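I opened a fresh page for a structure I had not met before. Here are my notes, in the order I looked things up.

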Amino acid sequence: RTGYWPTTQSKMMQYQRSSALFNEAKKVIPGGVNSPVRAFNAVGGTPIFLTHAMGAYLFDEDQNRYIDFIASWGPMILGHAHPKVVAAVQARAEKGTSYGIPTALETEIAKRALSMVPHMDQIRFVNSGTEACMSAVRLARGFTGRDKIIKFAGCYHGHADAFLIQAGSGAVTFGSPNSPGVTAGTAKDTLLAAYNNLEHVAEIFRANPAQIAAIIVEPVAGNMGCILPQASFLEGLRSLCDTHGAVLIFDEVMTGFRLAQGGAQECLGVRADLVTYGKVIGGGLPVGAFAARKEIMDFLAPLGPVYQAGTLSGNPLAMTAGLTMLDLLHAHPETYTSLANKTAFLHREMVPLLEEKGLPYQINRLGSMMSLHFTDTPVVDFETAAKGNNDYFKKYFHGMLKRGVYLPPSAFESYFLNDAISQKDLEHTLEAFSETIKAL
Ligand code: PMP
């Protein structure tokens, strides 16, 4: 070991307090958590409970420190507790935390966001990625006067009913609910396609003439691990939407302001009609947004007939955190190169260690998103992602955790690097990786 890591942080890490707190939480919060992936169900064991986070690090109740590779699932792109964001939020809090009445701040962040992303005329702010995607679909339906949407198996767009759909029986068919509480009526309007399978999408269009309002897609998928769109997949969706008069919705809740200032639209050079945002756009406070050209946004209330609202939408604290974050990214475009270089370094150095051990693996990476699947088959969609060996994944996750590296606690989630991660942190991560992989 390098000696860099505190000596108390050895392979003998303790989790007693987290464990006790989890038991306490389970009495009053279903499953002890407010969002399921935090419960470690996919990897087993007890989730760690945090006291605080700073820069690249997480600190838990048992005084363990971890290098953070999830960045609050994306938002903390510059690291935790960035001094400029903290100072801006503190100053703003003294002026009141919510009014339900407009502020100039909302126009300012709208202008900043629209200046960074291509092809969008107007943006509306909401409170989460779920709300953004739910509202975007309603708007696309209102705009086209059609009911059905196409989504891809394994893409996640939040927990609104229309998205909690799994493939039904047969190749081209209606979806069926994948959660009790979602009605069959809702499910019949969501048609499921396989990611990276353009022919499948074309077939769905043919089977549902003039009925499809929108395709919603993660332009780079982050909810089956990280999966990249294959050559001309997104371009193909664009042209199918053009041919059939459907709205192309890019869910950039993860990729927006992360892959590039202009998100996947900029990074991959494909234009969407409607785009949803979340995560980075709130600087760590609860914010989502959706944007489109004016012709579409004119359909929204109060101008148009499609209803959408929110008491806390445009909340001054959240807008302040988001604006400060976007201003920082706008002023420092080199952040994106730095993040991509760090991620590429990690990828490059992981490969020989995996090869040496002779493990089956696939690493997918773009910008600061990456994932490792323990399979020989290229991971291009949900079916291939599901081929990953979960026993290896569980041991890998816990091996890294006890060596002070916090990875996503599920093989179906992407890593999100933050720019506070230093070269030393990467080297420590690789040491931990080497030891963990050898022990698998
Ligand atoms: N879309 C995508 C692509 C996501 O990854 C997520 C959440 N991880 C959502 C939508 C939902 O966002 P939220 O959790 O803020 O509701």
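Which residues of strand 11 lie on one side and which on the other, and are they buried or exposed? I kept in mind that this is a predicted model.

Entry one, strand 11. I looked up residues 274-277 and found both faces covered. Leu-274 and Thr-276 sit on one side, Val-275 and Tyr-277 sit on the other, and all four are buried. I noted the general pattern too: side chains in a regular strand alternate between the two faces of the sheet.

Entry two, its neighbour. I then checked what pairs with strand 11, and found strand 10, residues 247-251. The two run in the parallel sense and share three bridges. I looked up one bridge by name: Asp-251 has Thr-276 of strand 11 as its partner. Thr-276 is also one of the buried residues from my first entry.

Entry three, the whole protein. I stepped back and counted 14 helices and 16 strands. The radius of gyration is 22 Å, close to the 22 Å that the globule rule gives for 440 residues, so the protein is as compact as a globular protein of that length. Along the principal axes, the C-alpha atoms fill a box of roughly 65 × 55 × 45 Å.

Entry four, inside and outside. I found that 54% of the 440 residues count as buried. About 18000 Å² is exposed, with 55% of it supplied by carbon and sulfur atoms.

Entry five, contacts and charges. Among contacts with a separation of 6 or more, 71% join residues 24 or more positions apart. I also noted 37 positive and 39 negative side chains, with the centres of the two sets 3 Å apart.

Technical notes. Residues numbered from 1 in each chain as written. Predicted model: local features only at pLDDT ≥ 70, side-chain atom pairs only at ≥ 80, totals over all residues. Heavy atoms only, no water. Rg over C-alpha atoms; globule rule 2.2 N^0.38 Å. Buried < 20%, exposed > 50% of the residue type's maximum accessible area, 1.4 Å probe, protein only. Contact = heavy atoms within 4.5 Å. Areas by Shrake-Rupley, 256 points an atom, 1.4 Å probe, with all protein chains shown as cover. Lys, Arg positive; Asp, Glu negative; His and termini not counted. Charge placed at Lys NZ, Arg CZ, Asp CG, Glu CD. Pairing = 2+ DSSP bridges.
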